[in-house]
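Here is a short report on one protein chain. It moves from the overall fold to single residues.

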Amino acid sequence: MTQKYDVVIIGAGPAGMTAATYASRANLSVLMIDKGIYGGQMNDTAEVENYPAFDSILGPDLAEKMYASSTRFGAEYVFGEVQDVIDHGNTKTVVTDDETYEAKVIVIASGATHRHIGVLGEDKYSGRGVSYCAVCDGAFFKNEDVAVIGGGDSAIEEAIYLANLAKHVTIIHRRDTLRASKIAQKRAFSTKNIDFSWNKQTEAIVGDDEKVTAVKVLDTKENQESIVPASGIFVYVGITPNTQGLNKLGVLDDQGWVETDESMQTKVPGVFAVGDVRKDSIRQIAAAVGDGAVAGKLLFDYIQTLSDSQVEA
Ligand code: NAP
């Protein structure tokens, strides 16, 4: 049987949970659907130092606090993987693997996922030395040599986290300048057990029958191959949007990100998008929360216009 809500939110990260707080506080019936634990990427983040009101807070702790806020006014949360979203005008249908929901408004808050590098050995050794989450797996590499691939904020921040656990961290980057923020760079440069391997393209992840032993790299300036020994390889080479099941809505760009205007509204009336899944997002927790607040407030106005048009008719 189809379950009816005013608002169905796809994803329960910071953006989705904030939209849920605003919408449920406005007395709308709200359901958050997530294919994982609420909190999204906050669960994979060690320390958050740039979220207002906290000098420093662990990502999973911030997720818990936001979840408590988001459900306080009656919003519900269920596990489910969205397979399809269909627009019928004033109502929308959301189909998950085992349920069907109807809503007046859909908020896409499904976030993004760490990208794979796509080299030989990556899939084979995934979970056997190759990881995408330093917070989850770093402790397995205490006092060992590890490598981090990438030069963005994620790579550098997680390398600093790993440096507290591992004996040595090598950051393998394909250029000789980092994309990460200056403050993160400064910290990494001054961390004794972090070294950089510049201008190195990752060619393969190698290992024995059981686990990873090294990364094979190519120096793009010298055109020479070499080996970086490591028992843990942490891949942070960017992110891709979680928009599977949303293709038919016509709100995605050619890379799969959702396009919105500044009020978080997509080109389909009643379909909003917030947080990292948005094409123009700066992909910060505080920004995701801001997006959620905008959508959570404006979707109420949209639902009001639906009621007004029914009265007029
Ligand atoms: P990102 O900023 O896109 O950086 C990806 C890094 O991976 C880049 O250095 C890129 O190299 C490298 N890369 C991409 N494809 C590669 C490949 N095939 N082989 C080798 N290297 C490759 O991604 P991110 O670090 O995951 O960050 C995503 C977003 O979240 C960013 O907007 C970031 O600012 C934000 N973020 C913010 C914080 C914070 O503020 N505390 C923390 C984490 C993330 P090039 O530089 O050569 O392109």
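What share of the contacts in the chain with a separation of 6 or more comes from residues 24 or more positions apart? Such pairs account for 60% of them, where contact means heavy atoms within 4.5 Å.

This is a predicted model: local features need pLDDT of at least 70, side-chain atom pairs count only at pLDDT 80 or more, and totals for chains, interfaces and linings use all residues. Residues are numbered from 1 along each chain as its sequence is written, and side-chain values use heavy atoms, with hydrogens and water left out.

**Overall fold**

The chain has six helices and 19 strands. These are DSSP runs numbered from the N terminus: helices are H or I with at least four residues, strands are E with at least two. The radius of gyration is 22 Å, close to the 20 Å that the globule rule gives for 313 residues, so the chain is as compact as a globular protein of that length. That radius is taken over C-alpha atoms, and the rule is 2.2 Å times the number of residues to the power 0.38. Along its principal axes the C-alpha trace spans about 75 × 40 × 35 Å.

Of the 313 residues, 51% are buried. Buried means under 20% relative accessible area, exposed means over 50%, and partly exposed lies in between (1.4 Å probe, protein chains only). The chain exposes about 15400 Å², and carbon and sulfur atoms supply 48% of that area. Areas come from the Shrake-Rupley method with a 1.4 Å probe; for residues, only the protein chains shown count as cover.

Charges come next. The chain holds 29 positive and 44 negative charges, and their mean positions are 4 Å apart. Lys and Arg count as positive, Asp and Glu as negative; His and the chain ends are not counted. Each charge is placed at NZ of Lys, CZ of Arg, CG of Asp or CD of Glu.

**Annotated domain**

An unreviewed UniProt entry lists residues 5–292 as "domain: FAD/NAD(P)-binding". Such annotations may be inferred rather than shown by experiment; positions follow the numbering used here, and feature names are shortened. Over residues 5–292 the chain is 19% helix and 31% strand. The end C-alpha atoms of this stretch are 18 Å apart.

**Helix 4**

Helix 4 covers residues 153–163, and its buried residues are A155, I156, E158, A159, I160, L162 and A163. Their cover includes helix 3 (134–137), helix 5 (182–189), strand 11 (145–149), strand 12 (168–172), strand 13 (194–197) and strand 17 (232–235).

**Single residues**

| Residue | Location | Relative accessibility |
|---|---|---|
| T18 | helix 1 (residues 14–25) | 10%, buried |
| V82 | strand 6 (residues 82–87) | 11%, buried |
| R283 | loop between strand 19 (271–273) and helix 6 (285–312) | 25%, partly exposed |
| A53 | loop between strand 3 (47–48) and strand 4 (57–58) | 81%, exposed |

Neighbours up to four places away in sequence are not counted for T18, which touches V289, G292 and A293. With neighbours within four places left aside, V82 is in contact with I10, I33, V94, V95, T96, Q244 and G245. The C-alpha atoms of V82 and G11 are separated by 9.6 Å, although these residues are 71 apart along the chain.

Which backbone angle stands out at A53? A53 has a positive phi of about 85° although it is not a glycine. R283, also a residue other than glycine, has a positive phi near 55°.
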